[in-house]
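Biologist: I'm new to this one and would like a close look at a single part, the greasy inside of the chain. Could you walk me through it and show how it sits among the rest?

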Amino acid sequence: DGCGHTVLGPESGTLASINYPRTSPNSTVCEWEIHVKPGQRVQLKFGDFDIDDSDSCHSSYLRVHNGIGTNRTEIGKYCGFGFQMDGLITSKSNEVTVQFMSGIHTSGRGFLAAYSTTDKSDLITCLDNASHFSEPEFNKYCPAGCVIPFADISGTIPHGYRDSSSLCMAGVHAGVVSNTLGGQINVVISKGIPYYEGSLANNVTSEMGPLSTSLFTFKTSGCYGTLGMESGVIPDSHITSSSILEWPNETGQVNIWKPENARLKRIGPPWAAFISDEHQWLQIDLNKEKKITGIITTGSTLAGHYYYVSAYRILYSDDAQKWTVYREPGMDKDKIFQGNTELYQEVRNNFIPPIIARFFRINPVKWHQKIAMKVELLGCQFSIGRAPKITLPPPPQNKNDKKNADFIDDFIHSVKTSLQTDKTTFTPEIKNTTVTPSVTKDVALAAVLVPVLVMVFTTLILILVCAWHWRNRKKKTEGTYDLPYWDRAGWWKGMKQFLPTKSAEHEETPVRYSSSEISHLRPREVPTVLQTESAEYAQPLVGGIVGTLHQRSTFKPEEGKEDSYADLDPYNSPIQEAYHAYAEPLPVTGPEYATPIIMDMSSHPSTPLGAPSISTFKAAGNQAPPLVGTCNKLLSRTDSASSAQALYDIPKGQLGVGSADQLVYQVPQSVAHRTGSKDE
């Protein structure tokens with residue numbers, strides 16, 4: 001009475017103590033006898049082991065034996081809380097006996113173990129989940145019997161399963177392994193998703209799950225496409241049934257729930273049988289042999305009609321005359337598939353191994369109220385391999401060759417029966433995985449090429465943007481009407497005036513100008529010549545009429561036939577003739593002429609007191625113009641207010657201070673003369 005969950009398959013299985021994972025009862029015992037094919041050996045792996053060892057394995061223990069019966073030999077005796085057993089326990093023959101003994105104890109979950117033949121080196125137990133493995137992709141062997149009530153899974157195909165789900169139980173739910181046979185799984189780990197859906201498939205219920213860091217999916221053959229019920233590829237004439245439900249509604253209209261209504265996700269009523277018994281069936285003609293890997297069913301999907309099929313058998317045939325009931329390999333009973341638990345939910349069941357047939361029949365064995373359902377078949381195309389060409393000897397010529405002819409017939413028959421016919425094509429409508437084998441082989445190459453291409457394109461874009469920006473900046477600096485700097489004459493000389501000078505001069509040091517050539521040019525030619533002059537010339541004045549002079553600007557009056565500054569009328573002179581060329585600056589030690597000289601004649605020794613003060617300019621030529629008007633008292637140009645004698649500026653070209661009659665001054669014509677006490 002100490003045996004718990006047990007599934008003993010022909011090549012693998014699962015066994016656990018009673019009440020696992022809860023505490024096993026006292027004074028219980030159980031023995032499991034495991035058989036595999038002759039010539040093979042058995043390996044045992046523990047997923048969990050927690051047996052009381054307070055009496056040193058005397059009353060509570062697990063014992064493993066080679067062989068069965070009285071001739072068995074002990075391999076080992078084990079007990080302990082949280083006992084961790086590294087590696088596998090391997091038998092010496094194809095038979096093993098496992099004995100569990102539970103004495104008086106207060107705690108201990110018992111054990112859960114899996115077994116398989118020794119050729120399954122990657123055996124895992126039903127308790128292993130994806131978080132136990134660090135590889136992004138791996139292959140493992142799941143034992144039979146992993147649909148256990150104390151394990152849970154979250155997710156479904158093709159989106160994937162939460163990483164906390166049992167790998168083998170999820171494999172059964174996905175339809176990649178059989179619960180009664182076990183099998184190999186190819187697992188791919190990827191990034192998790194925020195929400196995991198729940199569904200019912202292969203008698204395993206997947207619950208809804210929250211966000212996880214990772215998920216896993218399975219690689220499969222890809223033969224999970226829909227075969228045409230929902231899409232209409234299968235015509236209505238190829239869908240038949242044992243009976244049809246007909247009934248009048250409240251208005252007297254007759255409702256007929258025909259077999260062609262049994263298309264999954266088709267709006268409207270389903271197919272329903274007129275009589276609800278175990279002799280009813282729904283038949284689908286696929287037109288030719290197909291490889292059928294699964295089926296999806298729903299109930300009536302009508303709110304007012306709570307009808308659905310909860311269990312059914314599957315039959316198949318090549319000619320619709322001789323039918324075969326589906327059974328799992330090694331089983332002597334018909335397999336009963338779990339159907340729906342309500343009228344809306346889609347329930348999937350997979351066929352392992354798949355069915356190869358043209359005619360497919362569903363035989364309900366359990367239902368709710370009435371037999372009503374909608375169906376879709378999963379699978380792919382199936383084609384027979386072409387037979388190799390056989391060269392036959394010539395027909396027998398006499399009776400002695402009859403034996404040879406019989407031998408040839410037997411040979412041909414053996415060749416035909418040995419042909420490989422299980423050839424499938426890929427149907428991409430529904431897959432049992434999110435990653436295909438061909439994609440994973442290119443992941444490493446893509447991981448290298450994608451960053452390189454991104455860097456190359458980014459570099460090219462930056463180069464183009466910089467070139468465009470530099471070109472626009474050059475256009476802005478050159479101006480709209482200027483020539484590019486490489487087309488200008490003397491561009492280097494023009495650039496030198498913007499560079500710092502070799503030595504810093506005093507702020508009041510005058511700048512030299514050369515006006516020998518500029519005085520003979522037209523006004524519009526002046527800017528061109530100025531651009532080609534040496535950097536020792538200062539910036540030119542504004543072209544046109546000179547209204548006022550800078551505070552520190554000094555000009556030497558030009559000699560010759562040109563008009564003096566006193567003769568110029570800045571308001572009446574024409575623009576093309578009244579421009580001022582650059583004057584030559586005076587030396588540092590020379591006197592200033594351009595600045596008006598203001599003298600106080602009252603302090604002069606040769607001038608009587610009270611003489612009017614006058615403002616003077618040197619006139620062009622040697623003759624002095626007559627004096628015009630008087631002015632107020634002028635300020636003295638002495639360096640000190642206490643100086644007894646005023647110092648006078650000396651005209652250029654004369655030595656010393658001359659007599660009063662030699663100093664002739666004139667008032668500029670452009671200045672209005674006023675008398676009184678106001679300054680001019």
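Modeller: Happy to. Some setting comes before the core. The chain has six helices and 30 strands, and keep in mind that this is a predicted model. Of its 680 residues, 37% are buried. Among contacts with a separation of 6 or more, 76% join residues 24 or more positions apart. The accessible surface is about 40,600 Å², and carbon and sulfur atoms account for 55% of that.

Now for the part you asked about. In soluble globular proteins, nonpolar side chains tend to be buried together. The largest nonpolar core here has 26 residues, and the ones touching the most other members are Ile295, Ile314, Phe351 and Phe360. Four elements give two or more residues each to this core: strand 22 (282-298), strand 23 (308-317), strand 26 (347-368) and strand 27 (372-383).

Take isoleucine 314 as your way in. Leaving aside residues up to four places away in sequence, isoleucine 314 touches Ile295, Phe351 and Phe360, and also Thr324, Val325, Tyr326, Phe337, Ile355, Arg361 and Ile362. There is also a second, separate core, with 25 residues, including Ala130, Val172, Val176 and Ile185.

Aromatic rings are worth a look too, and the structure holds 17 aromatic pairs. In one of them, tyrosine 161 and phenylalanine 218 meet edge-to-face, with 6.0 Å from centre to centre and 65 degrees between the planes. Tyrosine 161 belongs to strand 12 (residues 160-162) and phenylalanine 218 to strand 16 (residues 214-218), so this pair ties together parts 57 residues apart in sequence. Both tyrosine 161 and phenylalanine 218 are buried.

Another edge-to-face pair joins tyrosine 306 and tyrosine 308, at 5.9 Å centre to centre with 80 degrees between the planes. What about their cover? Tyrosine 308 counts as buried, because its relative accessibility is 10% and buried means under 20%. Tyrosine 306, with a relative accessible area of 35%, is partly exposed.

Moving towards the start of the chain, you'll find one aromatic cluster made up of Trp32, Phe46, Phe49, Phe100 and Phe111. This stretch also has an open sheet of five strands with antiparallel pairing, in the order 1-2-9-4-7. Strand 1 (3-8) and strand 7 (89-90) are its edge strands, each pairing on one side only. Within the sheet, strand 4 (residues 42-50) and strand 9 (residues 110-117) run antiparallel and pair over eight bridges. If you want one rung to find by eye, valine 42 has threonine 117 of strand 9 as its bridge partner.

Some rings have a lysine for company. Lysine 77 lies over the face of tyrosine 61, 4.3 Å from the ring centre. Lysine 120 does likewise with tyrosine 141, at 5.2 Å from the ring centre.

One last stop is a hairpin made by strand 19 and strand 20, with five residues between them. Strand 19 (residues 245-248) pairs with strand 20 (residues 254-257) in the antiparallel sense over four bridges. Glutamate 246 stands opposite isoleucine 256 of strand 20, and in the turn glycine 252 has a positive phi of about 95 degrees.

Methods: Residues numbered from 1 in each chain as written. Predicted model: local features only at pLDDT ≥ 70, side-chain atom pairs only at ≥ 80, totals over all residues. Heavy atoms only, no water. Buried < 20%, exposed > 50% of the residue type's maximum accessible area, 1.4 Å probe, protein only. Contact = heavy atoms within 4.5 Å. Areas by Shrake-Rupley, 256 points an atom, 1.4 Å probe, with all protein chains shown as cover. Pairing = 2+ DSSP bridges. Phe/Tyr/Trp six-rings, centres within 6.5 Å; stacked < 30°, edge-to-face > 60°. Lys NZ or Arg CZ within 6 Å of the ring centre and 35° of its normal. Core = buried A, V, L, I, M, F, W, Y, C linked by side-chain atoms within 4.5 Å.
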